[in-house]
Amino acid sequence: MPQTILTFICEVNPDNLGRLTALLEQIQNNRDANPYIPFAALKSLHFASFVIHDDEDYGSKLIFENNFDGLIDDYLEELSRHAGTGLHEIYSCCSDYPASAYEKRTLVEYLGSKVVRPKAFHIGNVGRSAERIGRENILRLKIEEFLDKINPSDKSDTALGSLRSRIQTFTRNESSLDWAEEMQIRQTLMERIIPWVEIFAVGFGIFILMPVIIPLAIIWLMILRRKENRDADEFQNDFEFVAYDHIRGLVEREDRIVQNHLASITRVKPGWFRLVTLKLVLRLANLVARTSNKGELSGIPSIHFAHWSLIDKGQRLLFLSNYGGSWGSYLDDFIDKASLGLTAIWSNTSGFPPAKFLAFKGARDGPRFKSFARRSQTAAIVWYSAYPNLTVQNINNNSAIREDLYTALDDDASKEWLQRF
Amino acid sequence: MTIQLERDDIQGFVLSSYAHLPCANYLLLQITDPELARGWIKHFVSQITTAAKKQEGFSLNLAFTSTGLSKLGFTASELSTFSRSFAEGMISEHRSRILGDTDENKPESWDWGSADNSVDILLLVFAENENALDAQLSLRFGEIESCGGLRKVFALAAGRQADTKEHFGFEDGVGQPVIEGSGSELKQQTRTHHATIIKAGEFILGYENELDIRVALPEAREMPTFGRNGTYLVFRQMEQDVAKFWNYLRDITRRADGTSDDAALEYFAAKIVGRWKSGAPLTKYPNSDPHKNPTEKSNENDFEYHEQDQKGFGCPIGAHIRRTNPRDSLGPDPETALESAKRHRIIRRGRSYGSRIENRFVADGVPRGLNFICLNTDIERQFEFIQQTWVNNRTFAGLYDEVDPLIGKKDKDTGSFTVQNDPVRRRIHNIQDFVQIKGGAYFFMPGIEALRHLARFSVETDESEVAPSIEV
């Protein structure tokens, strides 16, 4: 089942900022049983967050991030059914929210009009619904329990063939695991092929238009290098490490579960040149990200959902990420494995360490890149994860367990499968 | 690779573990009068052992916490040029969470280093024998007394040990990166058949690091290069409950008839550590310890995981030595993995304290453990990363709900340990915490020039600029 990633962005009425913050804090402090949003009841939801971004010329914005299964209409239906009145309370704090009393239709229409879709996104566990992720973890846990009872010194217990069939008998006898027999795929053949066709088409288009593109690219490169040199001078003069107080405010909320959240807003460098470049890079990134189906985004194995949106009439870049592990390891992966791609994106925004030819240097300057990342970061007031103990790798492993549970496997494949526990 | 380390300016402890000086004592001091303390430092600087040459008989080294530097006159803005971890200290709420300093490990119950019992200065004293150590200590205490301005909080003895095993009984200190330019490559290669050279900037400030950059140096007024040739020293006093460890293992390996199974006991103990007691690595010797004689030891370190032990049939994926240094095992490409692992290395300089237990199954109430000390230039990216992303990470390398079985902080959901096996893994459950943190702090160990500067440090005239203490 495909996933949808989007945000609702609304202007907060400055008079209500305090009330809204308090309300959101209340939700965060009691995510399981708060009276506003019963997250666990939203079966199609993977991750959600509320971020308030407060800034002098952009104003106070409420950013509501949603990563869910299926399409927006069904999701809005589910959202309003379970959290309608709560969301009404929240959005009453926004300046242009029209209803004084809760009306489902008004809320749905209001949210529908505030949708911001990302220009580029990545999904770690492609095609797995939140429900499937939960179930497959239960399946693994049950088999783990079963395996714990195996006597390791009893050869008949641990013989390869009998072990597999005993596991199958065990799971077949568990009526709560009936669903596991049903074959489920991650992506259809078309879903896997289309991204490659698109990349091929773009490549082909570039090839055909080569005579036009080459001179354009040379001019573009010359302008770019001039701008980069100027930016580099400015950066050397202005750079300061981010204040420790700001970082303290962020880390307070980090490392409570297996995953972490990152919300970052940066300013696109002024002028059309950077905006056009950024849009092109994001489009390219999105093309490449669509081909990822093993859980990695340019070598980074830990991202559940990550997305880039252009907001504020293209003046700002919003990045939201739900990733596994610590901030430090995430950022180090960025630097070690994906510095080209992310430099190509963020070097178009202000305050990023100097880049060369769009994608080089930049993030390789570890300490100053990390400082940039922290500075641009805003802590989410509310953050919800539907599976707080699982990484992308865990989820893929669980799926593989389930997908091959009842498949006929030869000895080598059986051995591989048993190593998944 | 010919970089020149400024050995005259680097404290000796950075480049040497002082193996020739088996007795040590770590003095934890508090500054009561900054002016007098500066006088003591001034007198003391000339006594400090540098890395220029090996000093016979004894060695002395000195390091400061951020509260110490603050009392000596560093402003908040000067301290913000140091590592954030150092400036804030080890005991912030977030740091406690990632280091595993919760429940019985919580800083409030530490013997030293807690908010109520903070330390400012660490004075490391090493000597060739007990008499020499006693002589050094009484001499130094005398100086501290007569000079005034300093108060002893704690003295942590790290006496002579019978051998190089730690208290659980395992050969320790085998793996150690070689600092570029230190000249100890051959020594390490001979001792362990393996040497990983790591760029000097990972352990000494002022040199290029594994990211190929020189990071900005910590600054002091009138000395913008204050941090040069300095390093951060992480100290953790880790008490080991030896009887708890072995009794746990004996209980889970008992045969059906209730008798204990020595072979299984040793097997699981080795699986937890990743080495046999002799130090022989499980990746190379998956079935049994090649050294049957308990006095024999092995310092073999010439192995990688990707080729030899990818599935963890030898050294389990979550074993202690694999978590603390995963070598080339994380991710699909061994070379990339090894390159990134190089950015998360530390120099270990810890020593055991307390007497060896007589019967490893019988608790005797004697405190013993490891005074863990490590050196690095980026606490967040090195020590804290290892602790958080590897040791205490419940999903390390694709595992589920388990932490380092030896030193990780377990809770009710993370007390299991998976031992990969053919055809299927075994798991052990309800692993307890065998190690308890009794104290700890982050120190900065300055270069000699920086210490001289500290001794004559001018206190800012504008009192409001002086940071009374760092908020945590």
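This dialogue walks through the sheets, helices, domains and chain contact of a predicted model.

Student: Where should I begin with the sheets of chain A, and what is the strand order in the open sheet of 5 strands?

Tutor: Begin with order and direction, and then look at the individual pairs. In this predicted model, the open sheet of 5 strands in chain A runs in the order S4-S1-S3-S2-S11, with antiparallel pairing. Strand S4 (115-116) and strand S11 (382-385) of chain A stand at the edges with a single partner strand each, so one side of each is left without a neighbour in the sheet.

Student: How many bridges join the strands inside that sheet, for instance S1(A) to S3(A)?

Tutor: Bridges are counted pair by pair, and residues that stand opposite one another give the register. S1(A) and S3(A) run antiparallel and are joined by 9 bridges, with Gln3(A) opposite Asp69(A) in S3(A). S2(A) and S3(A) are also antiparallel, with 10 bridges between them, and here Ala48(A) stands opposite Asn66(A) in S3(A); these two strands form a hairpin with 3 residues between them. Towards the edge, strand S2 (residues 45-55) of chain A pairs with S11(A) in the antiparallel sense over 4 bridges, and Phe47(A) is found opposite Ser385(A) in S11(A).

Student: Which helix lies across S2, S3 and S11 of chain A?

Tutor: For a helix on a sheet, one reads which strands are touched and at what angle. Helix H1 (residues 17-29) of chain A lies across S2, strand S3 (59-69) and S11 of chain A, and runs at about 30° to S11(A). Helix H2 (residues 72-91) of chain A also packs on the sheet, where it touches strand S1 (3-11), S3 and S4 of chain A, and its direction makes about 30° with that of S1(A). As for S3(A) itself, this strand is mostly covered, with 10 of its 11 residues buried.

Student: What is the strand order in the open sheet of 4 strands in chain A?

Tutor: The same reading applies. The order is S5-S7-S8-S6 in chain A, again with antiparallel pairing, and the edge strands are S5 and S6 of chain A, each of which pairs on one side only. Neighbouring strands of this sheet are turned by 10° against each other on average, direction ignored. S5(A) and S7(A) are antiparallel and joined by 4 bridges, with Ile123(A) opposite Phe305(A) in S7(A).

Student: Which residues of H10(A) are buried, and what do they pack against?

Tutor: Take the span of the helix before its surroundings. Helix H10 (residues 272-290) of chain A has 19 residues and reaches 27 Å from its first C-alpha to its last, close to the 27 Å expected at 1.5 Å a residue. Its buried residues are Thr277(A), Leu278(A), Val281(A), Leu282(A), Ala285(A), Ala289(A) and Arg290(A). They pack against strand S5 (120-123), helix H7 (189-208), strand S7 (303-311), strand S8 (316-324) and helix H12 (339-346) of chain A.

Student: How many residues of H11(A) are buried, and what covers them?

Tutor: Here the cover has to be read across two chains. Helix H11 (residues 327-337) of chain A has 9 of its 11 residues buried, among them Trp327(A), Asp332(A), Asp333(A) and Lys337(A). What covers the buried residues includes strand S6 (259-267), H12 and helix H13 (366-375) of chain A, together with helix H13 (334-341) and H14 of chain B.

Student: How many residues does each chain bring to the contact between chains A and B?

Tutor: Count each side, and then ask which elements and residue classes form it. The contact takes 31 residues from chain B and 33 residues from chain A. On the side of chain B that touches chain A, helix H5 (84-88), helix H6 (93-99), helix H14 (383-391) and strand S12 (426-428) of chain B each supply at least two residues, and this side divides into 9 nonpolar, 10 polar and 12 charged residues.

Student: How far apart are the centres of the two domains of chain B, and how many residues does each give to their contact?

Tutor: Distance and contact are read separately. The centres of domain 1 and domain 2 of chain B, taken over C-alpha atoms, are separated by 30 Å, and the contact takes 39 residues from domain 1 of chain B and 25 residues from domain 2 of chain B. S7(B) gives the most to the side of domain 1 that touches domain 2 of chain B, with 7 residues.

Technical notes:
Residues are numbered from 1 along each chain as its sequence is written. Chains are lettered from A and ligands numbered from 1 in the order in which they are written. This is a predicted model: local features need pLDDT of at least 70, side-chain atom pairs count only at pLDDT 80 or more; totals for chains, interfaces and linings use all residues. Two strands pair if DSSP finds at least two bridges between them. Two residues are in contact if their C-beta atoms, placed from the backbone, lie within 7 Å. Axes are lines fitted to C-alpha atoms, for helices over the stretch in contact, and angles run from 0 to 180 degrees between N-to-C directions. Ala, Val, Leu, Ile, Met, Phe, Trp, Tyr, Cys and Pro count as nonpolar, Asp, Glu, Lys and Arg as charged, and the others, Gly among them, as polar. Domain bounds come from an automatic or database domain assignment. The expected span of a helix is 1.5 Å times one less than its number of residues. A residue is buried if 20 or more other C-beta atoms lie within 10 Å of its own, exposed if 12 or fewer, and partly exposed in between; C-beta atoms are placed from the backbone.
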